[in-house]
Structures are given as structure tokens and as C-alpha cells.
Amino acid sequence: YSIKDMCFEGPADDLKLTANTQPAILTVSVIVNEILKEHGVQPDVAGGHSLGEYSALVAAGVLSFKDAVALVHKRGQYMQEAVPVGEGGMAAIIGLDDETIAAACEKATKEAGEVQPVNFNCPGQTVIPVSAPFHSTLMKPAAEKLADELAKVAIHDAAFPVVSNYTGELETKAEEIKANLVAQADHPVRWITCVKTMQAFGADTFVEAGPGKTLCGFNRRIDRSIKSLNVENLESLQKTLDYLKEVR
């Protein structure tokens, strides 16, 4: 189907289905990266939150765009199939530390049913799933199916380091990256660790490529000294290019 038509013409309800949302976001993110490359902007290190890790891997030459867009379409399908529609949900917990949230989830699981912390996004914001969704152990069936799909595609060593959501460490070797992508589906996203790892590598300016600027917001809460830019349309592209021109 045409991702372009779905993005520009909808219907919105179809675009909101995760099997369609995932390839659409990846496509826009990869396009933005290609435009930045045309303007001489190349990353020294990259990372992506959850689905965004696939965009980062395309940028680093680990996956071809063709393989990545097919993979994330199936990833969305498998994640949706792992838990029936309407069961479970996700919630962001604001203002509590990770340890308090983990203890509360453990208590709730014993008393009421599965509750897990799954996205450690920034200090003071942790996402939990209730009886389901992404990056919880209930995504194990999706992870297993994803492993089968990853076995069918060519995965290359990275041209530059990409931080893994699963390990929080920089990876370049194809086999390690493949294993981490499988684990990512049913394990928490350690985004705070990912950002700090990229900082330790030497990154001080981050460009969020793709729709929205959620990660820029996370960065401000992780470390206000990080310079965060985003590119999602012509206006933000020009603003980012103007800034990078000034600091070069």
C-alpha cells in the first residue's frame, strides 16, 4: 500500500494502527536523514527510541530502507497480535523515581495482575503497561516472530555506533545488533541510559529526525546542557541548518 497516500490522505484511523504507524514514522525519519545528508549533516553516533532504533540503524547502514520498512510493518502486526485489541494499556508516571515505580509495579502485579515499567524516558517520567503492551514480557510472542523475520534480512556492521535500547550501550557488530532488536521488543527501553551513553561518546548536539519532538523534551529533563534540535518539516529543517551553520 502507499505510505505516502496514507500519511497525506488517511484515513486517520488506518494510520493509527501500529502496523501502519510504524512504517510511516520510519519512512518520514529516513527521508529527514537523507535531506540532512544532502546538506552535509552526518551523525557521529545515533540512537532511536523504540521504533526509532530502526531508523537509526538505517542511517548507519545496518539495514536497508526496503528491509527496515517491511520489518517494522511486521513488528507492528506482531505487537498488536500479542495482546488482543482493547486489553491492557500504557500510562506515563510523572514525578516518581524509578525505584519507587518498580516497587509499586511489583506490588500491583502480586495483587491485581501484570504491571511493568517499560520506558525509562527521562527523570520523572516512566511509562508502565497494564496487562499488556510494548516492551513488556507479554510481547515475547512478538519478539519470537521478529527473530524469524530478522533472520531473513541482510544485517551489516554499523558505519558509526548506534546505541541499543536494550543494553544502553554502543553497538556496531551486526550479530549483536540483531540480538538486541529481538530483545528490545519484550524488554524495557532504557532511554536515559542511551542518552548518557551517547554523551559519554562525545555527543553534545542531538538532532531528532522525524515527526514530533518528544525526544528533545526528554533531553531537557535528562540534561539541560544538551543542545537538542529537531527536523520534521521545512521550518524546523531551516532552523536546524541555520544553527549548525553558525556553530561549524
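These legends accompany close-up views of salt bridges and cysteines in a predicted model.

**View 1. Lys 37 and Glu 34 form a salt bridge within helix α3.** The side chains of the two residues meet at 3.3 Å, N to O. Both belong to helix α3, which spans residues 18–38. Three residues separate Lys 37 from Glu 34, about one turn of the helix. Lys 37 has a relative accessibility of 34% and counts as partly exposed. Glu 34 is also partly exposed, at 37%. This contact is part of a structure that holds seven salt bridges.

**View 2. Lys 74 pairs with Glu 149 across two helices.** The closest N and O atoms of this salt bridge lie 3.1 Å apart. Lys 74 sits in helix α5 (residues 65–82), and Glu 149 sits in helix α7 (residues 140–150), so the pair ties together parts that are 75 residues apart in sequence. The partners fall into separate accessibility classes: Lys 74 is partly exposed at 29%, whereas Glu 149 is buried at 10%. Glu 149 counts as buried because its relative accessible area is 10%, under the 20% cut-off.

**View 3. Lys 74, Glu 149 and Lys 152 are joined in a salt-bridge network.** The view takes in the pair from View 2 and adds Lys 152. Salt bridges link these three residues. Within the network, Lys 74 and Glu 149 have their closest N and O atoms at 3.1 Å. Glu 149, with a relative accessible area of 10%, is buried.

**View 4. Lys 140 and Glu 144 form a salt bridge within helix α7.** Their closest N and O atoms are 2.9 Å apart. Both residues lie in helix α7. The spacing is four residues, about one turn of the helix. Lys 140 is partly exposed, with a relative accessible area of 44%. Glu 144 is partly exposed too, at 46%. Neither residue counts as exposed, because 44% for Lys 140 and 46% for Glu 144 do not pass the cut-off of over 50%.

**View 5. Cys 7 and Cys 216 are shown in a structure with zero disulfides.** A search of the whole structure finds no such bond. Cys 7 has 33% relative accessibility and is partly exposed. Cys 216 is buried, with a relative accessible area of 5%. The class of Cys 216 follows from the cut-off: 5% is under 20%, and therefore buried.

Notes. Residues numbered from 1 in each chain as written. Predicted model: local features only at pLDDT ≥ 70, side-chain atom pairs only at ≥ 80, totals over all residues. Heavy atoms only, no water. Salt bridge = Lys/Arg side-chain N within 4 Å of Asp/Glu carboxyl O. Buried < 20%, exposed > 50% of the residue type's maximum accessible area, 1.4 Å probe, protein only. Disulfide = S-S within 2.5 Å.
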